[in-house]
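Please open the structure in your viewer and keep the selection tool at hand. The tour below proceeds stop by stop, stating what to select and what is found there.

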Amino acid sequence: MKKKHVNARLICQVSAAAALVLAGNAMAADAFSSDSKWMTGDWGGERTKLIEQGIDIKADYVGEMGANLHGGYDDDKTGRYSDQFGLGVALDLQKLWGWDNTQAKIQLTNRNGYNISNDRVGDPRAGTLSSSQEVYGRGHMVRLTQLWIQHQFFDNKLDVKAGYFGEGEDFNTFPCDFQNLAFCGSQVGNWATNIWYNWPVSQAAIRVKYNINDELYAQIGAYNQNPSQLEHGNGFKLSGSGTKGTVLPVELVWSPKVNSLPGEYRIGYYKSTADADDVREDVNGFDAATTGDEYKSHSSKHGYWFVAQQQLTSHNGDATRGLNIAANATFHDKDTNFIDNYQSVMFVYKGPFDARPKDDIGIGAARIHVNKDVKRNAELLNASNGVSDYDNAAFSPIRETEYNYELNYGFHVTNWLTVRPNLQYITHPGGVDEVDNALVAGLKIQSTF
């Protein structure tokens, strides 16, 4: 295990070294300029020339620190760090090869590190429902995250994208400026157990979008559901071996202007065609924890979601500054899904101070509810094992509802670097009442090379 971690870390170090070499080759005025979009600058103008030719090189880094200040399952205070390197290229194939209205992208992702939530905030027997370091997960390895081609037909009315990518790129999309997972990215992927794989995992997929008008579009997708792609060493797996079914999401997206301020509203539904085990009943309809028989299998599972984002105010007429509100809600199959519903709300004020017009301050609250049949299953399991003491190692923790809160401030240090200190408060980590509420200090670093 140590060797795998060292290899992953070596890849990260080589990536960082390559970025520094590029910086050294760039004109001194460009590299590390606060006005540049990239830390390594414009490479003496070569980067802009490449973009004009249809080649946009992407390199970025996200690092997150978490420290348990108070409470949690283990109050032995420590800090944990996790990070992600990304390297890719976006291609405008019309500029490159004359293919009208066609784009493509290749993206590699490498993750490393450890998560404070796993053994300090949450009971290791139950974990936490969310995560205080959202960038953690999916193994210490390099993954092919994107490999797709996209084309627009009929004066851009119809948009088709095919290749390898995740559902959250197009469906139930949401920005990731908070550090707690409950406020970051596609939330369906966080709670639709074992079927919807968020970044950095890719799946064989096709997405078809139809633009109804300038403000409204509808889309449908089909994604290969293959759990073997989650396994260590399968980051570049392109074969269909191990396929269990297909995830079929549909979504309607409305992007209105309210008082000339932008908004986006999404409502969607997903269905997985793969077999899914019941969370409580056995093959005969009785409680599996009591009978010991296999759990009943269902031929599919499903759920739906709602996302709203709206800018509410501008700042002295400047629409790049002002108050924004966002809300998420997901609802899942109660027969087969561990989480049956989730809700969150966030407020972000962009440009709170005239001296810091590109900074932002955010606050969010989220509720994650465990399926009541999961709770009942654990109660029956404890009864059948004859254990009732939470401190007994054989006890299965009873999980109900976890609440997550985050307050953060984003320092826009340069156009290529944002540093976001934050405080998180987790109530009933893992949905387990016996675990003390936890206070976590975090720091998120986002940089574009």
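**First stop: a pair beside helix α7**

Begin by selecting Glu 400, which counts as partly exposed because its relative accessibility is 29%. Please bear in mind that the model is a predicted one. Next, add Lys 375 to the selection. Which kind of contact joins the side chains of Glu 400 and Lys 375? They meet in a salt bridge, with a distance of 3.3 Å from N to O. This pair links distant parts of the chain, for Lys 375 belongs to helix α7 (372-385), while Glu 400 sits in the loop between α7 and β17 (401-414). The two residues are 25 residues apart. Lys 375 is also partly exposed, at 26% relative accessibility.

**Second stop: the whole chain**

Now clear the selection and display the chain as a cartoon. The chain contains 7 helices and 19 strands. Along the principal axes, its C-alpha atoms fill a box of roughly 70 × 55 × 50 Å. How does the radius of gyration of the chain relate to that of a compact globule? For 449 residues, a compact globule would have a value near 22 Å, and the chain agrees with this because its own value is 23 Å. Of the 449 residues, 49% are buried.

**Third stop: salt bridges on strand β5 and beyond**

A search of the whole structure finds 23 salt bridges. Select Arg 207 and Asp 159, which form one of these. Their closest N and O atoms are 2.8 Å apart. Arg 207 lies in strand β6 (residues 203-211) and Asp 159 in strand β5 (residues 158-165), so the salt bridge ties together parts that are 48 residues apart in sequence. Are these two residues buried or exposed? Arg 207 counts as buried because its relative accessibility is 2%. Asp 159 is likewise buried, with a relative accessible area of 6%.

Continue with Lys 161 and Glu 169. These residues also form a salt bridge, and the closest N and O atoms are 2.8 Å apart. Here the two partners fall into separate classes: Lys 161 is buried, with a relative accessible area of 3%, whereas Glu 169 is partly exposed, with 24%.

**Fourth stop: a network**

Select Asp 74, Asp 76, Arg 80, Asp 119 and Arg 120 together. These residues are linked in a network of salt bridges.

**Fifth stop: a nonpolar patch**

Turn on the surface and select Leu 312, Val 345, Phe 347, Ile 361, Ile 363 and Leu 407. They form a nonpolar patch on the surface, and their accessible area together is about 470 Å². Which strands each supply at least two residues of this patch? They are β15 (339-350) and β16 (360-370). Now highlight Val 345, which lies in strand β15. Val 345 counts as partly exposed because its relative accessibility is 32%.

**Last stop: a negative patch**

Finally, select Asp 275, Asp 277, Asp 293 and Glu 294. Together they form a negative patch on the surface. Where does Asp 293 lie? Its position is in the loop between α6 (288-291) and β12 (295-298). With a relative accessibility of 36%, Asp 293 counts as partly exposed.

Technical notes: Residues numbered from 1 in each chain as written. Predicted model: local features only at pLDDT ≥ 70, side-chain atom pairs only at ≥ 80, totals over all residues. Heavy atoms only, no water. Patch = residues over 30% accessible without salt bridge, like charges linked within 9 Å, V, L, I, M, F, W, Y side chains within 5 Å. Areas by Shrake-Rupley, 256 points an atom, 1.4 Å probe, with all protein chains shown as cover. Salt bridge = Lys/Arg side-chain N within 4 Å of Asp/Glu carboxyl O. Lys, Arg positive; Asp, Glu negative; His and termini not counted. Charge placed at Lys NZ, Arg CZ, Asp CG, Glu CD. Helix = DSSP H or I, 4+ residues; strand = E, 2+ residues; numbered from the N terminus. Buried < 20%, exposed > 50% of the residue type's maximum accessible area, 1.4 Å probe, protein only. Rg over C-alpha atoms; globule rule 2.2 N^0.38 Å.
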